[in-house]
Amino acid sequence: MLRLQREHLETLLAAVDHGTLDAAARALAITPSAVSQRIKSMEQQLGRVLLQRTTPVRPTPDGEVVLRHARQAQLLDEETARALGGGDSVVPTIPLAVNADSLGTWFLDALALVRADTEVVFDLHREDQDRTAELLRAGTVMGAVTAEADPVQGCSSVPLGIDRYRAVASPAFVDRYLAGARTGAASERGLLDRMDRVPLVDYDRADDLQQGYLRRVLGHAPSGPRHFVPTSADFARAVSLGFGWGMLPEAQCLDALARGELVELTPGRRADVALWWQRWNLASPLLERVTDAVRATAAERLHPVGQAVAR
């Protein structure tokens, strides 16, 4: 039976989390040589290379498997210590991945429910919903809000709901670039043709929400200038300030639309992003508590979607 030493697993975790062997050594209060030796010893025991010695260090595919085991063992140890009266000094850490819009609108409210009755530290990794599942595969996080419905190996997957986006712009932007859009003087097709050429706001260069919205209608990506604003709240503010048009989740635009501070450019057309919650299949009361809170909050804030799947 394979038996990995706990200090070796802790060292692997420290190296990946802190990025270098030197930083791991400082966190563990040992020498860099000791860190290197522990990892080499585990690699020799397993007959596998676990770390790419890059800057920062990265786990190999085999290292990802061991890393996930290390995180699971750490969480179970922390929960056991607290259950046995280990004291408030034992505060477990839960690493989670979430997309920026969920983080900016409802996800923190879910975690606040957990924090209301549980001592826990959250290590949040912000990533696009199309890429958060990769952090689960890598063993970096224990749970993720993701657009991927099929469960990552060793995880369960349940639907959270649909985050609905609307194409909006400020009234001043409409007057400057899309005159007539608010009065219906322009046909929807004519409006979309003009949206192809006017400034828009993208989250970053990987953001395909605005591009995909017009691509589905026009058959090609928009050709207008692009602003890049890589935080959810500031993205919404840039749209409100007239930098360009953009797709905002309803949580960030419905009130402003009602007040006339934003204009919906194509009423009746929406962009729906289905979100799922994936988590490790681990018998952890804390991870169950997080899952319950995330699902309950999402049920209140998002539109409903499909049935649960798991493997």
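## Exercises on pockets, strands and helices

About 260 Å³ of space lies in the second largest pocket of this predicted model.

**Exercise 1.** Describe the lining of the second largest pocket: which residues lie nearest its centre, and which elements give two or more residues?

Solution. Start at the centre. Among the 13 lining residues, V16, V57, R58, P59 and T140 lie nearest to it. Next, assign the lining to elements: α1 (6-18), β2 (58-59), α4 (61-83) and β4 (121-126) each give two or more residues. Last, sort by class, which yields 6 nonpolar, 2 polar and 5 charged residues.

**Exercise 2.** Do the same for the largest pocket, and state which element gives the largest share of its lining.

Solution. The volume of the largest pocket is about 550 Å³. Its lining consists of 29 residues, and the closest to the centre are D128, Q129, D207, D208 and L209. Two or more lining residues come from each of α5 (100-115), α9 (209-218), α10 (232-240), β9 (246-249) and β11 (271-280). Of these elements, α9 gives the largest share, with 4 residues. The class count is 12 nonpolar, 6 polar and 11 charged residues.

**Exercise 3.** Locate D128 in the chain and decide whether D128 is buried, partly exposed or exposed.

Solution. D128 sits in the loop that connects β4 and α6 (132-137). The relative accessible area of D128 is 22%. Buried requires under 20% and exposed requires over 50%, so D128 is classed as partly exposed. For a distance check, take T55, which is 73 residues from D128 along the chain; the two C-alpha atoms are 23 Å apart.

**Exercise 4.** Find the strands that pair with β11, give the sense of each pairing, and say how many residues of β11 are buried.

Solution. Take the partners in turn. Strand β5 (residues 143-146) pairs with β11 in the antiparallel sense over 4 bridges; in this pairing, W277 of β11 is the bridge partner of V145. Strand β6 (residues 155-169) also runs antiparallel to β11, and 10 bridges join them. Y165 is found opposite A271 of β11. As for burial, β11 is mostly covered, with 8 of its 10 residues buried. Recall from Exercise 2 that β11 also gives two or more residues to the lining of the largest pocket.

**Exercise 5.** Explain why the buried residues of α10 count as lying on the same side of the helix, and name what covers them.

Solution. First list the buried residues of α10: S232, F235, A236, A238 and V239. They lie on the same side of α10 because they cover an arc of only 160 degrees around the axis. The general rule is that an α-helix has 3.6 residues a turn, so residues three or four places apart point the same way. On the other side of α10, A233 and R237 are exposed. The cover over the buried residues includes α5, β6, β7 (200-202), α9, β9 and α11 (250-259). Just past the end of α10, G242 has a positive phi of about 90 degrees.

**Exercise 6.** Which residues of helix α2 are buried, what covers them, and which residue just after α2 takes a positive phi?

Solution. In helix α2 (residues 21-28), the buried residues are L21, A23, A24 and A25. Their cover includes α1, α3 (32-46) and β1 (51-52). Just after α2 comes A29, with a positive phi of about 60 degrees.

How values were computed: Residues are numbered from 1 along each chain as its sequence is written. This is a predicted model: local features need pLDDT of at least 70, side-chain atom pairs count only at pLDDT 80 or more; totals for chains, interfaces and linings use all residues. Side-chain values use heavy atoms; hydrogens and water are left out. On a 1 Å grid over the protein atoms alone, a cavity is a set of points where a 1.4 Å probe fits but cannot get out, and a pocket is an open set with protein on both sides within 12 Å along at least five of seven lines; lining residues have an atom within 4 Å of a point. Grid points are joined across faces, edges and corners, and a volume is the space filled by probe spheres set on the points. Ala, Val, Leu, Ile, Met, Phe, Trp, Tyr, Cys and Pro count as nonpolar, Asp, Glu, Lys and Arg as charged, and the others, Gly among them, as polar. Buried means under 20% relative accessible area, exposed over 50%, partly exposed in between (1.4 Å probe, protein chains only). Two strands pair if DSSP finds at least two bridges between them. The arc is that of the directions from the helix axis to the C-beta atoms. Contact means heavy atoms within 4.5 Å.
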